[in-house]
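Subject: Structure handover

Dear colleague,

I am passing on the structure below for your own work. After it you will find what came out of going through its core, its strands and its surface.

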Amino acid sequence: MKSFPELKTNRLYLIEIKNTRLEDIFNIYKDDKVAKYYGLFPLTELSEAKKEIEFFRKRYSENTGIRWGISFINTSEIIGTVGFNKIIDHHKDRIGYDLQSQHWVKGIMTEALEAILDFIL
């Protein structure tokens, strides 16, 4: 498998999402505020978070998308995700992101989006 590109900003690491981060992903998507905007019902079981991680990893291995975990530089907890999916039929890419609601309105997603746009453009 190709090497996963990890990115760094002033405050953040954008890292590969592995199964070892199952609880972090669960904590993001169990929040009904986050799940509402992601198009899911809030997660209630770790197995549901594992399916999300498998989906992210499959998209990367098939070269149809990429999803980074977002963590602060001084911690290891993933507090959100950001990435894009290729829409083959329409020759477009779609950016998606989510963030634990307690971290909203702090400029975190703006910083993460700038990093991935610099990476892909």
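Contact here means that heavy atoms lie within 4.5 Å. Please keep in mind throughout that this is a predicted model. In that sense of contact, and not counting residues up to four places away in sequence, arginine 21 touches Ile15, Ile53, Ser76 and Ile78. Arginine 21 sits in the loop between β2 and α1 (22–29), and since buried means under 20% relative accessible area, its relative accessibility of 18% is why arginine 21 counts as buried.

Turning to the interior, the largest nonpolar core has 18 residues, of which Leu14, Trp68, Ile70, Val82, Met109, Ala112 and Ile116 touch the most other members. At least two residues of this core are supplied by each of β2 (12–16), β3 (65–72), β4 (80–87) and α4 (108–120), and α4 gives the most, with six residues. One of the core residues named above, alanine 112, is in contact with Leu12, Leu14, Ile70 and Val82 when its neighbours within four places in sequence are left aside. Apart from this core lies another, made of twelve residues, including Ile28, Tyr29, Val34 and Ile53. As general background, nonpolar side chains tend to be buried together in soluble globular proteins.

The strand β2 deserves a paragraph to itself. Four of its five residues are buried, so β2 is largely enclosed by the rest of the structure. Strand β1 (residues 7–8) runs antiparallel to β2 and is joined to it by two bridges, while a hairpin of three residues links β1 to β2. β2 also pairs with β3, again in the antiparallel sense, over five bridges. Leucine 14 takes part in both pairings: it is the bridge partner in β2 of leucine 7, and it stands opposite isoleucine 70 in β3.

On the outside, Ile95, Tyr97, Leu117, Phe119, Ile120 and Leu121 make a nonpolar surface patch of about 590 Å². Both β5 (92–99) and α4 supply at least two residues of the nonpolar patch, with the largest share, three residues, coming from α4. Helix α4 therefore appears in both settings, as it gives six residues to the largest core and three to the patch. Among the patch residues, leucine 117 lies in helix α4, and with a relative accessible area of 32% leucine 117 is partly exposed.

With best regards

Terms used. Residues numbered from 1 in each chain as written. Predicted model: local features only at pLDDT ≥ 70, side-chain atom pairs only at ≥ 80, totals over all residues. Heavy atoms only, no water. Core = buried A, V, L, I, M, F, W, Y, C linked by side-chain atoms within 4.5 Å. Buried < 20%, exposed > 50% of the residue type's maximum accessible area, 1.4 Å probe, protein only. Pairing = 2+ DSSP bridges. Patch = residues over 30% accessible without salt bridge, like charges linked within 9 Å, V, L, I, M, F, W, Y side chains within 5 Å. Areas by Shrake-Rupley, 256 points an atom, 1.4 Å probe, with all protein chains shown as cover. Salt bridge = Lys/Arg side-chain N within 4 Å of Asp/Glu carboxyl O.
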